[in-house]
Structure formats: structure tokens, C-alpha cells
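User: I would like to learn how to read the fold of a chain, beginning with its overall form and ending with a single strand.

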Amino acid sequence: MPDNPLSHVLNVIGAQFPDVHTTLATREEEAFGIAAGLYLGGARPTVMLQSSGLGNSLNALTSLLIPYQIPVLIVISMRGDEGEWNAAQVPMGRAIRPILDSMGIPHLTSDTADATADVVRIVGQTAFATRLPGACLLSRRLTVPPKVTT
Amino acid sequence: MTRLEASRALVAALGDEPIVASLGHPAYDLFAAGDRRANFYTWGSMGLASSLGLGLALARPALRVFVVDGDGSLLMNLGSLATIASTKPPNLVLIVWDNEEYGTTGGQATATAHGADLDAAARAMGIHATVTVRTEEGLRAAIVRARVDAGPWVIVAKVQESAPAVKPPLDCVFIKQRFMAAIGSAEPATRGTHQ
């Protein structure tokens, strides 16, 4: 789904990983539906989205992916956490972990570039081994590092 | 034609192609028309049947993937038509049972009862293989073409609501595992295969 920090990841995937196919959906819920169909066909899908879009996705998660035990790796670019400039992003940013917890979707947060590959790998391995969607939260400190003035 | 008659015509016209069914009456009528291993019945996620079909069609280009959606469900996820048009899977066939009402939830009129045209919407998004049918004969002819000719296809079938008598007595995970095995992407056991 559209997101500024994730757009850089998409660019790298497009340039360096020809065996990874990407599709841009019109809405986050639709992306989870497409991902579920990909899984039925034998693929290992990832949905990449901004945290605000998780709110658009709850019915897909709770009435399709979780009850049918369809695993998807979810990579969430955080808004509304430390460093945010837009007040409209803050409520969902604060709510996202309790929402994931209440659905029983495990999640890990990465605050540093060094930790990100491990976080994504372990969440993905767990999701596909246990057939439950799992989420990686990429904090704003990671995706938009604060400018330090000296 | 009623939706049940249309569902029977679809099942009779197909071989072992996968069919993804939107929740509620489209899924119930598909089950009544003939339970098949390659039927994927959704029990929720209204609006996402076409997205499920799109993902499956992208993952498995050698399979001709059929979706039975409802007009109300497709109206809930109209953006799906744009994504289907932009990804252009030639092996996706989206059939819309258009009864001009939310049949599963009490019969409230949908926008198609007031003139909204889902065939025209599909064409406006860039899907070229579209047809609207109003008879079983017309539906059969459309399916015969859509099984062979390059899509993506959108077939809008105008149907009458017909209260389903049965619901599939099948659980979500059973539906998924039976379906995946039928189309050649069987899930391995979760225990014992991972270290």
C-alpha cells in the first residue's frame, strides 16, 4: 500500500529481487484479500502498509485470515509514534498494538536498521509455521530518523 | 433465472476449475448446486471474493479461476475492479450474481436497483472482456467463452433472489485445506515439518 518509507523498500525489491512480485491495491482490506488468494495458490504473501491502514483491514483479518488460518507477513510502517508531526495520525498509532493484541496477532517492533532483518525474518517464519498472520512494526525513529543538531 | 439456477448452470459448465464464492447466499447456492473440492466458500470478509480470486489467479497463471460475487459485495470493494484491470490476469473470471438487493441481509435494494451498472464500471476501469446476461442460455454461452478466451472477464448475470435452503456444513480450515489440495497447493502439516 502507498507509504513513503515503504516506497524505498518497493524500489529495492523492484530493482534487485525479480522473483518477488508486487501488486499495488486500492485499499488495505483489498490487499489482505489478494494476499489470502496468493496463499491459497501456494505463494508466501506479505502485506506492506502504513499503520493507519490497519483500521481498514480489521474485517479481512478477523473474518478471513484468522479463522481460515491463512498466514501473511504484515510489515507496518508506523505513523503517530515518536517524531510524528500530524495529530491525525496519533490516535491509530497509539491504538495499533492493543488492536493487534486483541485480535491475537503477534507483533514485534524494530527501532533500528540493524535489527530489522531479524525482526522481519522471525515474524515471517513464525507466521508461516503457525498459520497465523504476524506483524512487524517499523517505528518512525527507524523510518524517518530524527535530525540531530549539534 | 434464479441465482440457484444460475449456480447450477455454472457448475454444470465447468470441469475442475476453482470457484471462490462470496459469503452468504452466493456461497450457499454454490454448495446447493454441487459441493466440489475446488469450491472455496467464504463465511465473512464481505467484498473480498474478487480479491481472493485475483490473488489466486496471480499465483497460479495455469489455473482458470472463477469467482461468484454479489452486486452488494462488489459494490463494497469496487476498487478491486481497478486492481484487476491494472494487473490484467488473463485467467480470472469474475461472475457477479446481480439480484439488485442485499439478499443475505434482508433484501435492501442495492445501487444496481437504481441504475448502477457494474458491467460498465468494469469497462470504465479498463476490463475489456465484459458481458451482461439475463438468461441461462446467455450465461452458459458466456462461461464457454470465459473458460477459453483471455480475460480478465467480468460476467454480470442478472438473477432473481431465491432463498437458499441449506448452508455448507463445513468449517473454515476444512474448506481451505480441501481447496488447496484440490488445486495442487496442499498445505504441509504444521507439526513435524519445521525445525
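Analyst: The discussion below concerns chain B. This is a predicted model, in which local features need pLDDT of at least 70, side-chain atom pairs count only at pLDDT 80 or more, and totals for chains, interfaces and linings use all residues. Residues are numbered from 1 along each chain as its sequence is written, while chains are lettered from A and ligands numbered from 1 in the order in which they are written.

User: How many helices and strands does chain B have?

Analyst: Helices (H or I, at least four residues) and strands (E, at least two) are DSSP runs, numbered from the N terminus. Chain B has 8 helices and 8 strands.

User: What does the radius of gyration of chain B agree with?

Analyst: The radius is taken over C-alpha atoms, and the globule rule is 2.2 Å times the number of residues to the power 0.38. For 195 residues a compact globule would have a value near 16 Å, and chain B, at 16 Å, agrees with this. The C-alpha trace spans about 55 × 35 × 30 Å along its principal axes.

User: Is strand S4 of chain B buried or exposed?

Analyst: A residue is buried if 20 or more other C-beta atoms, placed from the backbone, lie within 10 Å of its own, exposed if 12 or fewer, and partly exposed in between. In S4(B), residues 92-98, 7 of the 7 residues are buried, so the strand is largely enclosed by the rest of the structure. Leu92(B), Leu94(B), Val96(B) and Asp98(B) point one way, and Val93(B), Ile95(B) and Trp97(B) the other.

User: Which strands are joined to S4(B)?

Analyst: Two strands pair if DSSP finds at least two bridges between them. S3(B), residues 65-70, runs parallel to S4(B) with 6 bridges, and S8(B), residues 153-158, is also parallel to S4(B), with 6 bridges. Trp97(B) is the bridge partner of Gly70(B) and stands opposite Ala157(B) in S8(B).
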